[in-house]
Every structure is written in C-alpha cells, then in structure tokens.
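Here is a friendly walk through one protein chain, with its salt bridges, a pocket and a few backbone details along the way. Keep the view open as you read.

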Amino acid sequence: MKFLRELELLLCTAAVGSLSQAARQLDLSSAVASAMLKRLEAELGVPLLTRSTRHLRLTPAGELFLGHARQAVEEIRAGQLALQAGQQQIAGVLQLSVPSDLGRNVLLPWLDEFLARHPAVELRLELTDRLTNIYRSPVDVAIRYGEPADSGLVALPLAAHNRRVLCAAPAYVAAHGAPASPAEISAHACLSFQLGEQTHPRWRFYRGTESAQVQIAARRFSADGDVVRRWALAGHGLAYKSWLDVAADLAAGRLLPLLTDWQGELAPLYLVCADRRQLSPLVQALRQHLQSCCAAYAGV
C-alpha cells in the first residue's frame, strides 16, 4: 500500500522533525523518502512540510491533514488486524479497564456475550472512572470517554457521535419544573461528576449556530459516574450524562430528557491502548463487538 507508507512517513517526519531521521526509522533511503513525500503532496495538491533553518515543520495544510492521516493509518492497521483476527482463534487473557457507570449498567452484558462467543478468552475487568495510567497499570486496553490528552496513545472510536444529555427524574421535574433554556439550569439542583480534585462545573449546549456554557452550582459531587446517575434517578437534581449511560433509563421513563431542542457536547467513546502492537486479534474482536453493540444501543 503505497499511500499507507506515505502517510506513515508523514506522521513519522512530523513527530521527529527530520525527513532523514524518519527515513531511517522506516528503513527507507533518504532519496526514496523524499520522492514519497513529493508524491503525497502532488496527490493532495498542497505542500505539507516546509523546511526551516534547522528542521522540517508542518505547513498549515499539513497541520490540518495530520490528524486525518493518523486516523486513516490507525483504521487501516486496525482493519488488517481484524482480517487476521478472522483467520485466528480468539483466545488469551484480556485485561480491560472501563468506566464505572457504563461498565456496570451497559458493558457487563455485552462482555458476557463476547465471552460466550469466545470461550477461550479470560477477562480481567477493572471498573473505575479514574484516568488509568495505561503505561503502568496492569491493563491491556481501556474504554474511556473523550479523546485522550496523550497523543502518543492509540484511540480507536467505539461510538464517535455519542453526546451528553441533560436529564432528571419525573419526580424532580414534577416538584421543581424543568429549565426552558440553558440559562435556567443554574437555578436548579445539579449533580456533578468529580475526577480527582477536578470538578466539572461547566455544561455546554449547542443549537444550530448557537452555543451556551452554563456555570452550575452543585451540592452533590461524586467521582463515581454511577452514583451521579443514581442520584438523578432518586430525584435529587439534574444530571448531564453520556447518552450511552442513560439511554435505557430514558427509554423506560425513569429519566426525562430536558432541553431537547439543544444538543449536549460530544462524548465520544474510545478503546485506548498504549501501542498498536497491543491491537491483537483478541482486542480487535472486542472492538468490533463493542462497536456493533454501541450502534444498536444508540437507538434504544
């Protein structure tokens, strides 16, 4: 795949700031690497790199294209591994870290299905909302909301278009009413998620070209997302939760969606690992299973 090699060369060059060094890392001659880069720029019709006095740097077009190139390479590699997975037995130990709320209430039955389908797999499951240090913790992969801040991690989307939704129990709405606009949220009891020492006091909403950011005043904080959901079910206030976390509650009427003419912010769900070499046939099979589950569940 010539185009794949060209993208890999671009990513490596951008990372190390030197075409010759990138060529050495990819086992290419400098002449071949230069020709590959020129061919890629010709195919795209824009220069991607420019030379300064000491090293190469990305042009604005290169900066724009880089993220797409990284995602394309990851997807192609994932596809290659998925093909390999289809030809191999899915077996081995899977050490997996998942968010508490999503893990307990949504993922557990999906993981049961996966284990029933692949009896040679042994699962070691960690339920935590902490940002697991995947380099040091005894886990192979983690499932987390939001793209990781560490660009060195491999993040493969499971539910790229998942969003947060404002919701409350019918009992709370009956007693206190529902906000008619984002500005009215601050007058309500709000239930907040806390990660370590960091609280999340701002909720964002979007409607067409409009956006609104709300500073909430919460009395109840928890570092466990499932506790926030349970408080909402008990009628203690408004929750701003991932759709995946509360889809079943909304479908059953245990929670009511609020401000339905506004959209909550994106909360994409990713499968995260430290290195592409960890994308074994087992991990790829898990990813495919969870992707299909998320797609079906989004319509609950």
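Arg-124 is partly exposed at 44% relative accessibility, where partly exposed sits between buried (under 20% relative accessible area) and exposed (over 50%), using a 1.4 Å probe and protein chains only. Its side chain meets that of Glu-122 in a salt bridge (2.8 Å, N to O), and Glu-122 is partly exposed too, with a relative accessible area of 39%. A salt bridge here is a side-chain nitrogen of Lys or Arg within 4 Å of a carboxyl oxygen of Asp or Glu.

Before going further, please note that this is a predicted model, in which local features need pLDDT of at least 70 and side-chain atom pairs count only at pLDDT 80 or more, while totals for chains, interfaces and linings use all residues. Residues are numbered from 1 along each chain as its sequence is written, and side-chain values use heavy atoms, with hydrogens and water left out.

The structure holds 14 salt bridges. Three of them are set out here.

| Salt bridge | N to O distance | Relative accessibility |
|---|---|---|
| Arg-124 and Glu-122 | 2.8 Å | 44% and 39% |
| Asp-261 and Arg-207 | 2.9 Å | 44% and 31% |
| Arg-5 and Glu-8 | 3.4 Å | 31% and 13% |

The pair of Asp-261 and Arg-207 is joined by a salt bridge of 2.9 Å. Asp-261 lies in the loop between β14 and β15 and Arg-207 in strand β10 (residues 202–207), so the pair ties together parts that are 54 residues apart in sequence. Elsewhere, salt bridges that share partners make one network out of Arg-104, Asp-224, Asp-226, Arg-229, Arg-230, Asp-249 and Arg-254.

Arg-5 and Glu-8, by contrast, both belong to helix α1 and are 3 residues apart, about one turn of the helix. Arg-5 is partly exposed, whereas Glu-8 counts as buried. Helices (H or I, at least four residues) and strands (E, at least two) are DSSP runs, numbered from the N terminus.

Helix α1 also takes part in the second largest pocket, whose volume is about 420 Å³. Of its 19 lining residues, Leu-11, Cys-12, Arg-70, Glu-74 and Arg-276 are the closest to the centre. α1 (2–16) and α4 (60–86) each supply at least two lining residues, and the largest share, 6 residues, comes from α1. A pocket is an open set of points on a 1 Å grid over the protein atoms alone, where a 1.4 Å probe fits, with protein on both sides within 12 Å along at least five of seven lines; lining residues have an atom within 4 Å of a point. Its volume is the space filled by probe spheres set on the points, which are joined across faces, edges and corners.

Which residues other than glycine have a positive phi? Among them are Asp-27, at about 60°, and Leu-259, at about 50°. Most residues other than glycine have a negative phi. Asp-27 is in the loop between α2 (19–25) and α3 (30–44) and is exposed, at 70% relative accessible area. Leu-259 sits in the loop between β14 (256–257) and β15 (263–264), but is buried at 8%.

Finally, the chain as a whole: the protein chain has 9 helices and 16 strands, and buried residues make up 44% of its 300 residues.
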